[in-house]
Amino acid sequence: MAAFSRLLRSSSSARRLLSSLTSKKQSRLPAGLAHHKAAPARTEAAAAAAAPERNVHWVFLGCPGVGKGTYASRLSNLLGAPHIATGDLVRDELNSSGPLSRQLAEIVNKGKLVSDEIIINLLSKRLENGEAKGGSGFILDGFPRTIRQAEILEGVTEIDLVINLKLREDILLEKCLGRRMCSQCGGNFNVADINIKGENGRPGISMAPLLPPPHCASKLITRSDDTEEVVKERLRIYHEKSQPVEQFYRSRGKLLEFDLPGGIPESWPKLLQALNIEEHDCKKSAAA
Ligand SMILES: Nc1ncnc2c1ncn2[C@@H]1O[C@H](COP(=O)(O)OP(=O)(O)O)[C@@H](O)[C@H]1O
């Protein structure tokens with residue numbers, strides 16, 4: 001990851017130094033995921049076979065409110081790869097007294113995207129800190145969000161799999177507006193109670209609220225960019241700038257489309273099934 005974080009800082013040097021990346025090592029993919037990987041060239045395959053295993057290099061795509069953070073964090077716990085959410089990196093910087101703080105607040109609160117340069121810098125710093133602590137692999141959430149970011153990422157490391165989470169747009173809005181966070185423990189909750197009946201051949205969908213425990217209930221805060229106006233703008237920008245990233249990965253055979261069938265209790269086991277992951281086996285191997 002050292003090379004990855006350094007190269008992210010300088011995309012022009014990325015291609016020249018690509019061969020030195022550790023990311024050519026064989027990924028520790030769950031068995032059924034092998035078919036999502038692009039077939040490596042012969043020489044790479046030989047190198048991969050000789051290299052030690054590495055942890056997953058996964059990306060989560062999906063509209064605001066779809067649940068990227070929830071599922072990326074659960075998979076991170078299961079697979080032992082760090083969950084890196086660029087939205088969290090932006091919010092940390094925004095809440096700091098750093099020089100970028102005010103500039104970021106203005107962009108985020110309008111629902112716009114932060115510049116590729118700032119995001120690459122924040123991500124590189126996070127990767128460097130992670131690798132200093134011995135982290136391996138990653139599950140990215142909220143990056144890449146533009147074709148340029150996807151190209152930079154492709155230039156510096158190999159992505160094994162991109163999971164594209166999908167949900168109806170009316171539900172996305174409700175879920176964003178229902179989001180709450182405990183200002184003390186940082187726990188994430190959602191007060192939206194979604195219960196839509198099926199009609200005209202369209203299946204119904206229910207998503208129970210994720211309510212806070214009593215000790216968090218009086219300390220809930222709402223993200224300043226989770227207002228109706230800003231969420232609508234974020235959805236518009238997603239369709240304009242981020243949706244093309246889906247095709248970028250689809251054309252490379254790396255995209256796994258996943259329509260959320262409901263809330264966490266229904267969706268989590270189905271996602272694991274789609275990924276061919278056995279929760280029990282992962283926990284056993286993590287404990288070993
Ligand atoms: N990869 C990125 N590129 C540009 N801006 C980003 C990126 N990731 C996060 N941001 C900024 O941080 C904000 C919050 O991101 P995030 O928490 O991922 O929100 P969302 O719920 O919209 O997916 C975004 O609206 C955007 O301003």
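Leaving aside its neighbours within four places in sequence, which residues is glutamine 149 in contact with? They are Asp116, Ile119, Phe143 and Pro144. That is a handy way into this structure, which is a predicted model.

**The chain as a whole**

Let us step back for a moment. The secondary structure of the protein chain comprises 13 helices and ten strands. The chain has 288 residues, and 32% of them count as buried. Among the contacts with a separation of 6 or more, 75% are between residues 24 or more positions apart.

In soluble globular proteins, nonpolar side chains tend to be buried together. Here, the largest nonpolar core has 50 residues. Phe60, Ile139, Val162 and Leu165 have the most contacts inside this core. Leucine 165 makes a good example: with residues up to four places away in sequence not counted, leucine 165 touches Phe60, Gly62, Val66, Gly67, Lys68, Tyr71, Phe258 and Leu260.

**Around helix α8**

Now back to glutamine 149, which sits in helix α8. Glutamine 149 counts as buried because 23 other C-beta atoms lie within 10 Å, and the cut-off for buried is 20 or more. Glutamate 154 also has its place in helix α8. Glutamate 154 is partly exposed, because it has 16 other C-beta atoms within 10 Å.

Proline 144, one of the contacts of glutamine 149, is found in the loop between β3 (138-141) and α8. The peptide bond that joins phenylalanine 143 and proline 144 is cis, with omega about 0°. Both partners of that bond, Phe143 and Pro144, are in contact with glutamine 149.

**A few pairs in space**

The table lists pairs of residues with their separation along the chain and the distance between their C-alpha atoms.

| Pair | Apart in sequence | C-alpha to C-alpha |
|---|---|---|
| Glutamine 149 and serine 242 | 93 residues | 9.9 Å |
| Serine 136 and proline 82 | 54 residues | 7.2 Å |
| Lysine 175 and proline 209 | 34 residues | 9.3 Å |
| Glutamate 154 and proline 144 | ten residues | 10.0 Å |

Two residues in the table deserve a little more introduction. Serine 136 lies in the loop between α7 (116-132) and β3, and it counts as partly exposed because it has 17 C-beta neighbours inside 10 Å. Lysine 175 belongs to helix α9. Is lysine 175 buried or exposed? Lysine 175 is buried, because 21 other C-beta atoms lie within 10 Å. Leaving aside neighbours within four places in sequence, lysine 175 is in contact with Gly65, Asn190 and Ala192.

**Helix α11 and its kink**

Serine 242, seen in the table as a partner of glutamine 149, is one of the buried residues of α11. This helix covers residues 228-250, which makes 23 residues. From its first C-alpha to its last, α11 reaches 31 Å, close to the 33 Å expected at 1.5 Å a residue. Where is the kink in α11 centred? The kink, of about 45°, is centred on histidine 239.

Besides Ser242, the buried residues of α11 are Val231, Arg234, Tyr238, Val245, Phe248 and Tyr249. What covers the buried residues of α11 includes the helices α8 (147-156) and α9 (169-178), along with the strands β1 (57-61), β4 (161-166) and β10 (255-259).

**The ligand and its shell**

How many residues surround the ligand? There are 18, and the closest are Pro64, Thr86, Gly87, Gly142 and Arg145. By class, this shell has eight nonpolar, six polar and four charged residues. Helices α5 (86-95) and α6 (101-108) each supply at least two residues of the shell. The largest share, three residues, comes from α5.

**Two asparagines in loops**

Finally, two asparagines have an unexpected backbone angle in common. Asparagine 200 has a positive phi of about 50° although it is not a glycine. For asparagine 276, phi is near 60°, again a positive value in a residue other than glycine.

Asparagine 200 lies in the loop between β7 (194-196) and β8 (205-207), while asparagine 276 is found in the loop between α12 (264-275) and α13 (279-287). Asparagine 200 is exposed, because just 4 other C-beta atoms lie within 10 Å. Asparagine 276 counts as partly exposed, because it has 14 C-beta neighbours inside 10 Å.

Notes:
Residues numbered from 1 in each chain as written. Predicted model: local features only at pLDDT ≥ 70, side-chain atom pairs only at ≥ 80, totals over all residues. Near = placed C-beta within 6 Å. Helix = DSSP H or I, 4+ residues; strand = E, 2+ residues; numbered from the N terminus. Nonpolar A, V, L, I, M, F, W, Y, C, P; charged D, E, K, R; others polar. Expected span 1.5 Å × (residues − 1). Bend = angle between axes of the 7 residues up to and from the residue. Buried ≥ 20, exposed ≤ 12 C-beta atoms within 10 Å, placed from the backbone. Contact = placed C-beta atoms within 7 Å. Core = buried A, V, L, I, M, F, W, Y, C linked by C-beta atoms within 7 Å.
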